[in-house]
Amino acid sequence: MIGRIVEVADDRRHLLMHRGFMVVRDTEGERKELGQVPLDDIAAVIANAHGLSYTNNLLVALAERGAPFVLCAANHNAVGMLLPIEGNFEQSHRIEAQIAASQPTHKRMWAAIVRSKLEQQAAALEAAGAPTAPLTALASKVKSGDPENLEAQGARRYWTLLFGPEFRRDQNAPGTNALLNYGYTVLRAATARAVIAAGLHPSIGLHHSHDNNAMRLVDDVMEPFRPVIDLKVWQLKRNNEDHVNPDTKRALVRTLYDDMQSDSGATPVMVCVQKLATSLAQVYIGQRDKLDLPLPGLPLALASALRDE
């Protein structure tokens, strides 16, 4: 079953647990109940409001189920995330293998992720009617560890091809950048849950190594799926929806439920993320040699919607 991404973005909300449900109540007026979501159905909760309140019992219940609780800043970027600390024997075994993995293994896995990301970026450009050759050429040249930093070279070309020559990726800018921030926050929450569920430690990355980043592996694993968010933002922008609001948030969340092509056939994006994280754990413990990456191409529903516009 695919869990639900729940976003709460109203300052006058109170979240609490009651008999296995997350209950949403209005904190003003009659304090009426606005809705209930079964805790076992939740993949992640995104708190995107500064006046939101919640109970400790709810946070404990979410952590027990491995569902991240994500705190957002004013620019819609994630600034904090509550994750579980309890594990089991299998998780301990996988984390030990993760720590012991050789540098060549890390470099080989990172190269596969970079190559997949460049291929997905090329697919996004193709859907947007932009040239794909610069990205496909780079994808074919990726070597172990990406020593030439082709990922960064691809990003410089990709952003201007997708959003125009004047676009600059700026996390503190409004409009398109804010939409990207929010989409990545949703994707990061889903990826964090997948990494934890796979029995891996989110701080031990393949490539990301910033001292202040406690989610290094999460940021590694989510890379091939960023273009899905990018293209959805491009579609929203083309439809004159250039601001973060309830409609654009819902559109970005729904993207994770669209099907991508994989070796197993059409598979939801969120499940593809889970399969990638699990396959990485299996590489670490010697059960497989390659990562389970999505095949090049767009989520099927998004591609169909673009053709119909």
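Reader: Before anything else, when do two strands count as paired?
Author: Two strands pair if DSSP finds at least two bridges between them. This is a predicted model, and in it strand S5 (residues 42–47) and strand S7 (residues 69–72) are joined by three bridges.

Reader: Do those run parallel or antiparallel?
Author: S5 and S7 run parallel. As for residues, Ala47 stands opposite Leu71 in S7.

Reader: And what about S7 and S8, how many bridges there?
Author: Four bridges, with S7 and S8 paired in the antiparallel sense. Val70 has Met81 in S8 as its bridge partner.

Reader: How many residues sit between S7 and S8 in the hairpin?
Author: Five. His76 is in that turn, and its phi is positive, about 75 degrees.

Reader: Changing topic. How many helices and strands does the chain have?
Author: Eleven helices and ten strands. The chain has 309 residues, and 52% of them are buried.

Reader: Ok, pockets. What volume does the largest pocket have?
Author: About 690 Å³. Its lining takes two or more residues from each of strand S8 (78–82), helix H3 (103–127), helix H5 (150–163), helix H6 (176–197) and helix H8 (226–238).

Reader: Which element gives the largest share?
Author: H5, with five residues.

Reader: Which residues lie nearest the centre of the pocket?
Author: Gln171, Tyr184, His208, Glu223 and Arg226, out of 26 lining residues.

Reader: What classes are in the lining?
Author: Ten lining residues are polar, eight are nonpolar and eight are charged.

Reader: Last one, how much area does the chain expose?
Author: About 14400 Å², with 47% of it supplied by carbon and sulfur atoms.

Definitions and conventions: Residues are numbered from 1 along each chain as its sequence is written. This is a predicted model: local features need pLDDT of at least 70, side-chain atom pairs count only at pLDDT 80 or more; totals for chains, interfaces and linings use all residues. Side-chain values use heavy atoms; hydrogens and water are left out. Buried means under 20% relative accessible area, exposed over 50%, partly exposed in between (1.4 Å probe, protein chains only). Accessible areas come from the Shrake-Rupley method with a 1.4 Å probe; for residues, only the protein chains shown count as cover. On a 1 Å grid over the protein atoms alone, a cavity is a set of points where a 1.4 Å probe fits but cannot get out, and a pocket is an open set with protein on both sides within 12 Å along at least five of seven lines; lining residues have an atom within 4 Å of a point. Grid points are joined across faces, edges and corners, and a volume is the space filled by probe spheres set on the points. Ala, Val, Leu, Ile, Met, Phe, Trp, Tyr, Cys and Pro count as nonpolar, Asp, Glu, Lys and Arg as charged, and the others, Gly among them, as polar.
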